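Here is a short tour of a single model, taken strand by strand and helix by helix. Please keep the structure open beside the text as you read.

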Amino acid sequence: MRLLFIGDVMAEPGLRAVSLHLPDIRDRYDLVIANGENAAKGKGLDKRSYRLLREAGVDLISLGNHAWDHKEVYELLEKEPVVRALNYPPGTPGKGFWRLEAGESLLFVQVMGRIFMDPLDDPFRALDALLEREKADYVLVEVHAEATSEKMALAHYLDGRVSAVLGTHTHVPTLDATRLPKGTLYQTDVGMTGTYQSIIGGEIETFLARFLTGRPQPFRAAEGKARLHATELVLEGGRPISISPYVWEEP
């Protein structure tokens, strides 16, 4: 099984990058998953951004801490292949995992970190409980978290029990794609799909004003040439085989 995971799709540049490039390479992969929690103008997922990602060839979309920024997401979570964090409290709409079939089965799970983030339920125990009751040929865990230490801790906690752990949220790709001691594939952050002439995908001027004045500023997503950041996984014979970052830049 060959899988492409696309890092945080950020606003119009991110949607454009996926729409322009993914159709050209889609036949290389059995499955494509994308984090779309910033796809709708930089915050949240709406029906239009969902449709554009799906039409480009994305099989499953994950969310994050901006999951609830658009009311339309409730209908998407109910009816479509969209996943929110597993460790939200019981009764939260939607699912924190999804099963995909491509000759073999893949269980995709997202958890949210708690350091510098909203204090959700314990992601470690939430994953323990899920892995006890759900089985598949492969398991991919996305950790949507701020602190690299928390992502690494979760990866080592899961090492040997899941196929791969990929981090998202910081919008900054990390050059540490590796195999952990017990075989799990890992990357701290896949990076952002959007314009890198920005501050984590936001307009430079308004972000600078936050730091220079200490006062809140309206959020504006940056415009400009887009770059797609993703991670390729090869899974075969029930085992994780390889991990490699993938980058494409808009001409």
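## Strands E1 and E2

Phe5 stands opposite Ile33 in E2. That pairing belongs to a parallel match between strand E1 (residues 2–6) and E2, made over four bridges. Please bear in mind that this is a predicted model.

How well covered is strand E2 (residues 31–35)? Mostly covered: five of its five residues are buried. The cover comes from both faces, with Leu31, Ile33 and Asn35 buried on one side and Val32 and Ala34 buried on the other. Ile33, the residue facing Phe5, thus has a place on the side shared with Leu31 and Asn35.

## Helices H1 and H2

In general, two packed helices are described by the angle between their axes and the distance between the axes. For H1 and helix H2 (residues 47–56), the angle is about 20° and the axes are 8 Å apart. An angle under 35 degrees counts as roughly parallel, and H1 and H2 are therefore roughly parallel to each other. The crossing of H1 past H2 is left-handed. On the H1 side the contact is made by Glu12, Leu15, Val18, Ser19, Leu22 and Pro23, and on the H2 side by Arg48, Ser49, Leu52, Leu53 and Ala56. Sorted by class, the contact of H1 with H2 has seven nonpolar, two polar and two charged residues.

Ala11 also deserves a look, and its place is in helix H1 (residues 11–25). Most residues other than glycine have a negative phi. Ala11, however, has a positive phi, near 60°. Is Ala11 buried or exposed? Ala11 counts as buried because its relative accessibility is 3%.

## The six-stranded sheet

Further along the chain, six strands form an open sheet with mixed pairing, in the order E5-E6-E7-E8-E10-E9. Its edge strands are E5 (97–102) and E9 (178–179), each of which pairs on one side only.

At the E5 end, six bridges join E5 to strand E6 (residues 104–112), and the two run antiparallel. Within this part of the model, Ala102 stands opposite Glu104 in E6. Which helix lies across E5, E6 and strand E7 (138–144)? That is helix H4 (residues 123–133), running at about 160° to E6.

## Helices H4 and H5

H4 also packs with helix H5 (residues 148–158): their axes come within 11 Å and cross at roughly 30°. That angle makes H4 roughly parallel to H5. The crossing of H4 and H5 is right-handed, whereas H1 passes H2 in a left-handed crossing.

Which residues bring H4 and H5 together? Pro123, Phe124, Leu127, Asp128 and Leu131 in H4 meet Ala153, Leu154, Tyr157 and Leu158 in H5. The contact of H4 with H5 divides into eight nonpolar residues, no polar ones and one charged.

## The loop between E6 and H4

Two residues of this loop make a nice pair to look at. Gly113 has its place in the loop between E6 and H4, and Phe116 is found in that loop too. Gly113 counts as buried because its relative accessibility is 0%. Phe116 counts as exposed, since its relative accessibility is 72%. Phe116 also has a positive phi, near 60°, in a residue other than glycine.

What does Gly113 touch, leaving aside its neighbours within four places in sequence? Its contacts are Asp118, His144, Ala145 and Glu150. The C-alpha atoms of Gly113 and Thr195 are separated by 25 Å, with the two residues 82 apart along the chain.

## His171 and its surroundings

His171 sits in the loop between strand E8 (164–168) and E9. His171 counts as buried because its relative accessibility is 6%. Leaving aside neighbours within four places in sequence, His171 is in contact with Asp8, Met10, Asn38, Asp189, Gly191, Met192, Tyr196 and Ile200.

How far apart are the C-alpha atoms of His171 and Glu146? They are separated by 9.8 Å, for two residues that lie 25 apart along the chain.

Technical notes:
Residues are numbered from 1 along each chain as its sequence is written. This is a predicted model: local features need pLDDT of at least 70, side-chain atom pairs count only at pLDDT 80 or more; totals for chains, interfaces and linings use all residues. Side-chain values use heavy atoms; hydrogens and water are left out. Two strands pair if DSSP finds at least two bridges between them. Contact means heavy atoms within 4.5 Å. Axes are lines fitted to C-alpha atoms, for helices over the stretch in contact, and angles run from 0 to 180 degrees between N-to-C directions. Angles under 35 degrees count as roughly parallel, over 145 as roughly antiparallel, 65 to 115 as roughly perpendicular and the rest as oblique. A crossing is left-handed if the near helix is turned anticlockwise from the far one by less than a right angle, and right-handed if clockwise. Ala, Val, Leu, Ile, Met, Phe, Trp, Tyr, Cys and Pro count as nonpolar, Asp, Glu, Lys and Arg as charged, and the others, Gly among them, as polar. Buried means under 20% relative accessible area, exposed over 50%, partly exposed in between (1.4 Å probe, protein chains only).
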